[in-house]
Amino acid sequence: MRFGLIILTLLIGIWMVMGFAFYLGELGSVIKTSDFGDMHAGDEGRIRHEPFLPLGWAVGVLQISIFVCCLSLGVGRKDAPFRRALAAGWLLFAAVFTFLAVSYQWYVERPQANFLGPFPTPTTILLLGMWGAPLYFVALFVLMFDRWILPPESLERAERLLDVLKEEESN
Amino acid sequence: MDTWMHEQRSTIILVCVGLYMLMCIGVGFWALRQTKTSKDFFMAGHRLGIFVTGVAVFSSTMSGFGFVGGPGLVYRMGVSSLWMVICTPISFCLSHYLLAKRLRLFAAVRGTISLPDAVASRYDNRASGFLSALAILLGVMGYLGTQILAMAHVLRSLLLDFEGLRFMSLEWCVAVSCAVLVFYCTTGGIIASVYTDLVQGFVMMIAAILVFFAAINAIDGGFYGMANTIVKHDPEAIGPWGTLGIFGCLSWFFVFTLGASGQPHVVTKMMMYKNLRDAKHLLPISVFGYAICALLWISIGLVMRALVIQGVHSPLANADEAAPQFLQHYAHPLLAGIVFAGLMAAIMSTADSFLNIGAAAIVHDIPRALRGRSLSNELAWARTATVVIAVAASFFALKAGKLVALLGAFGWGTFAAALVPAVAIGFNWKRATALAANVAIATSLIVNFSLELFGVRIPFGIDKGAAALLISLTLFFTLSLAAPPKPIARDIETAMDV
């Protein structure tokens, strides 16, 4: 029940934020460059994105929250260490996304001065941070598999169930 | 030697593709002897190893789109389409956390041999099985049609370089490429499919690594030089939202992250591995494999964009030309050969999975939903259905024109919106009801098809599939919470508790 209510609240949150963005209306647009064939250009970032950045950030964080809730549903455990571990992952993921949004704001001010590695700072955060942060959940899955995902008692329960079903079938 | 290789470029590429196709035929012959029952044909007898399953999961996720469409989107929109790629670690996490254990347990408990089979068992409702089979069949026809057409186009573009082979029309190329695909899918079913996926996965990884380094070398200053060129021309293109914009990118992030758990050709593989404990290793293998393959997606599009801006390369009339043009002009002939084989591998590894789940829908799921039992002599019918689906999809691809593109675009979003609530959530959440699952599936089909058919443009470049997924998820949770909890069969409930 609680899981359903939490996810439904998060989904309604996305509806509301998007509804507000629709109410404000689009600013700027994709420009189809005539000089370079089938290549689009992105218009002025400051005009196009600045008013929507907080709304976009909210949608991103709501989405990340839905993903982490779904991970928790898949494991189905209610013990504190597992919840803490998952909450830490959510915090990491949401923090990376927040940093991406903030660094984009710096980027639109002075694009050519904001490089981190070979790419602009927010793009580097996207490529390394947004890609890398979920590796925490991969590590959690592998390292804690025997404790949280499929502990020996769960495996035993599954084997017992299969034995009972086999017995019923043979009878 | 190098000059000779450049002169023989087309021959080298064709030989690489030919060798790859011969390997597929070889696997088909081997798998024929391993396939004795319909359970072997659809589920590989539930005896796949860790490595084979892990590689099959990522290689069937990476279709021809990742090798051609992906770089094309990067060329056209800049960084926007990278949101489809960077979400893969979290999307694989979701599909493995939610389904790796659960689907395998359902298969063990109820002997399910397809996803609709598992849906019908979970909700104890034949309509749910029927609707999910219908959604799969519709998605399969569109997706398979586009994959077959892509294979034929690749083959034809290769044959055009040979004077004596120019007579081969697109229809002939469809026939040749389909014949290889149908051969190994008919003889060896899913066993042939996953073992070719294994080879295809490795071919794709090698191709992606080599292309990545070729791309760095193709431009002065490597990736820094490339990013600098793009930022001077259009800072937004190389910014995190690309030219599509923030909400468009986030809609892709949503539908590609959650949607991966609803792709039947991918998650069905999670019913096939041998031991429950193997699930532990599947996730890192899939994440690692896909990450390597994604290097090609990221690098080619950006480099081609920079080369065109610098005036080194002429502008592309069609963005999908980015990958072929890069291979033709900036890659060593041997590398081009490997990548073209990798491209065929990417297309075939997805197409063979679609053929298999499509056959399961026709000979197993729909008859069971309508008559309460599957067909007798299921294996023979499954082989026949595989041929029929491939032939129908080929005709459909050649004759239906716009409709193929419509159903192709409809594929990922439809599977996501239809199956994420009913399968990924419903298999783990006991409050989910059959009515909610059926409404979610039906709504997703109607919303997706209507949006595509009427060409509706959602503001901010929001993806139609993401909108359909948001609608179907909201309906699914609302309807489930509104109804009192329904009793679940004891064995299914225990499987959900494990």
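This report describes the predicted model of a complex of chain A and chain B, with attention to confidence, the interface and one helix.

Residues are numbered from 1 along each chain as its sequence is written, and chains are lettered from A in the order in which they are written. Because the model is predicted, local features need pLDDT of at least 70 and side-chain atom pairs count only at pLDDT 80 or more, while totals for chains, interfaces and linings use all residues; side-chain values use heavy atoms, with hydrogens and water left out.

The predictor assigns the complex an ipTM of 0.95 and a pTM of 0.93. In terms of pLDDT (the predictor's confidence in each residue, from 0 to 100), chain B has a mean of 89, with 98% of its residues at 70 or more, and chain A averages 90, with 96% of the residues scoring at least 70. Within chain A, the mean is lowest, at 68, in strand β1 (residues 31-32), and highest, at 97, in helix α6 (residues 135-143); helices (H or I, at least four residues) and strands (E, at least two) are DSSP runs, numbered from the N terminus. Where pLDDT is low, the predicted coordinates should not be read in detail.

Contact, defined as heavy atoms within 4.5 Å, joins 88 residues of chain B to 82 residues of chain A. The two chains bury about 7,400 Å² between them, 77% of it on carbon and sulfur atoms, where buried area is the accessible area (1.4 Å probe) that two parts lose on being put together, summed over both. Between the chains there are 24 residue pairs in polar contact, both residues being at pLDDT 80 or more; such a contact is a pair of N or O atoms within 3.5 Å, and within protein one must be able to donate a hydrogen and the other to accept it, with residues adjacent in sequence counting only if both atoms are side-chain atoms. Helix α7 (residues 88-110) of chain B gives the most to the side of chain B that touches chain A, with 13 residues.

Salt bridges (a side-chain nitrogen of Lys or Arg within 4 Å of a carboxyl oxygen of Asp or Glu) number 6 between chain B and chain A. Two of them are listed here.

| Salt bridge | N to O distance |
|---|---|
| Arg457(B) and Glu26(A) | 3.1 Å |
| Asp146(A) and Lys280(B) | 3.5 Å |

In chain B, the 34 residues of helix α9 (residues 126-159) should span 50 Å at 1.5 Å a residue (the expected span being 1.5 Å times one less than the number of residues), which agrees with the 48 Å between its end C-alpha atoms. Asn125(B) caps the N-terminal end of α9(B), with a side-chain oxygen 2.9 Å from the backbone nitrogen of Ala127(B).
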